[in-house]
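Reader: I would like a close look at one part of this model. Take a single residue in the core and work outward from there. Keep it brisk.

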Amino acid sequence: MLVSELKEKLGLEAANFGTDREITNCYIGDMLSVVMSRAQEGDVWLTVQTNVNIDAVSVLTEAACIIVVEGMEPDAETIEKAKMQDVTILKSPETAYALACKIRELI
């Protein structure tokens, strides 16, 4: 499944939409050092983190996209950096767990 399909099926809002990547799995994590060591290429990364460092972690792990959960809003610097690095950041009001359950059913 592509990120664009997931966005549509779950009604997610895009803070920035980069390359439409293939999704292989889902990873939930908020401690960036742990995400860097455990997230995999193609993962949908669910987090409450919104600072500019999420862009770098996404690039490093080759995540398919980031979904910022629980209604959190990435700041302008994070969105600008995402545009420069071709990182897709989506937003959801749902919890990471609720969203992960839905994603698991779709992929």
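Author: The model is predicted. Start at I103. Leaving aside residues up to four places away in sequence, I103 touches L6, L10, C26, V44, L46 and I67. A separate core lies apart from the one around I103. That other core has 14 residues, and V35, A39, W45 and I66 are among them.

Now the core that I103 belongs to. It is the largest nonpolar core and has 17 residues. Six of them touch the most other members: L6, V44, L46, I67, L99 and I103. Four elements give two or more residues each: α1 (3-10), β3, β4 and α5 (96-106). The largest share is that of α5, with 4 residues. As a general matter, nonpolar side chains in soluble globular proteins tend to be buried together.

Next, β4, which covers residues 65-68. C65 and I67 point one way from this strand. I66 and V68 point the other way. All four are buried. Side chains in a regular strand alternate between the two faces of the sheet. The two cores show both directions: I67 is in the largest core, while I66 is in the core of 14 residues.

β4 has a partner in β3 (residues 43-47). The two strands pair in the parallel sense, over 4 bridges. T47 stands opposite V68 of β4. Together with helix α3 (residues 53-61), β3 and β4 make a right-handed β-α-β unit. A right-handed β-α-β crossover also takes the chain from β4 through helix α4 (residues 76-85) to β5. Strand β5 (residues 89-91) runs parallel to β4, and 3 bridges join them. Here V68 stands opposite K91 in β5.

Last, the helix between β3 and β4. In α3, the buried residues are I54, D55, V57, S58 and T61. Seen down the axis of α3, they fall within an arc of 165 degrees, so they line one face of the helix. What do these residues pack against? The buried residues of α3 pack against α2 (32-38), β3, β4, α4 and β5. Just after α3 comes E62, with a positive phi of about 60 degrees.

Methods:
Residues numbered from 1 in each chain as written. Predicted model: local features only at pLDDT ≥ 70, side-chain atom pairs only at ≥ 80, totals over all residues. Heavy atoms only, no water. Buried < 20%, exposed > 50% of the residue type's maximum accessible area, 1.4 Å probe, protein only. Pairing = 2+ DSSP bridges. Right-handed = clockwise from strand over helix to strand, strands pointing away. Core = buried A, V, L, I, M, F, W, Y, C linked by side-chain atoms within 4.5 Å. Contact = heavy atoms within 4.5 Å. Arc of directions from axis to C-beta.
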